[in-house]
Amino acid sequence: MEYHVYECQDCCLGFAVEATADQSHIVCPDCQSDNLRDVGTGTMVITSIAIEKDPALER
C-alpha cells in the first residue's frame, strides 16, 4: 500500500498517511501541529501483526 510520509517540525514525530487520503488538512497525530515537513512517498509492508495479550488468558 502507498503512503505519504510526514515529519512534524514541532515534536519530531514521523508518520504516514495513505496516499489516497485527502492530504490538505493533515496535522500531527501527537501534538496536532500543522508545521509538517513532507518527507515523500513510500510503500508499507506488514511483516508481522502484534497480538494484544489478554490478561485473563495469562497463566
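Start by selecting residues 2–8, strand β1, together with β2: five bridges join the two, and they run antiparallel. Keep in mind as you click around that this is a predicted model.

**Stop 1: across the β1–β2 pair**

Pick His4 and look straight across to β2, where Val17 stands opposite. Now try Tyr3; its bridge partner in β2 is Glu18. Next, follow the chain around the hairpin of β1 and β2, which has five residues between the strands. Stop at Cys12 in this hairpin, which takes a positive phi near 70 degrees.

**Stop 2: two faces of β2**

Stay with β2 and colour its residues by face. Phe15 and Val17 make up the covered face, while Gly14, Ala16 and Glu18 are on the uncovered one. So the Val17 you met opposite His4 belongs to the covered side.

**Stop 3: the whole sheet**

Zoom out and show β3 as well. You now have three strands in an open sheet, ordered β2-β1-β3, with antiparallel pairing. Why do β2 (14–18) and β3 each have one side without a neighbour in the sheet? Both stand at the edges with a single partner strand, so nothing in the sheet flanks that side. Look at how the strands cross, too: neighbours in this sheet are turned by 30 degrees against each other on average, direction ignored.

**Stop 4: the salt bridge**

The structure holds one salt bridge. To find it, select Arg37 and Glu7, whose closest N and O atoms are 3.5 Å apart. This pair links distant parts of the chain, with Arg37 in strand β3 and Glu7 in strand β1, 30 residues apart. Are these two buried or partly exposed? Arg37 counts as partly exposed at 40% relative accessibility, and Glu7 is also partly exposed, at 27%.

**Stop 5: into the loop**

Head for the loop between β2 and β3 and select Ser33. This residue is buried, because its relative accessible area is 12% and the cut-off for buried is under 20%. Show side chains here and add Asp10: a polar contact of 2.5 Å joins the side chains of Ser33 and Asp10.

**Stop 6: out on the surface**

Finish in the segment after β3 (36–43), where you'll find Ile49. Switch on the surface: Ile49 is exposed, with a relative accessible area of 70%. Add Met44 and Ile46 to your selection, and the three together make a nonpolar surface patch of about 360 Å².

Terms used
Residues are numbered from 1 along each chain as its sequence is written. This is a predicted model: local features need pLDDT of at least 70, side-chain atom pairs count only at pLDDT 80 or more; totals for chains, interfaces and linings use all residues. Side-chain values use heavy atoms; hydrogens and water are left out. Patches are made of residues with over 30% relative accessible area and no salt bridge: like charges are joined within 9 Å, nonpolar side chains (Val, Leu, Ile, Met, Phe, Trp, Tyr) within 5 Å. Accessible areas come from the Shrake-Rupley method with a 1.4 Å probe; for residues, only the protein chains shown count as cover. A salt bridge is a side-chain nitrogen of Lys or Arg within 4 Å of a carboxyl oxygen of Asp or Glu. Helices (H or I, at least four residues) and strands (E, at least two) are DSSP runs, numbered from the N terminus. Buried means under 20% relative accessible area, exposed over 50%, partly exposed in between (1.4 Å probe, protein chains only). Two strands pair if DSSP finds at least two bridges between them. Axes are lines fitted to C-alpha atoms, for helices over the stretch in contact, and angles run from 0 to 180 degrees between N-to-C directions. A polar contact is a pair of N or O atoms within 3.5 Å; within protein, one must be able to donate a hydrogen and the other to accept it, and residues adjacent in sequence count only if both atoms are side-chain atoms.
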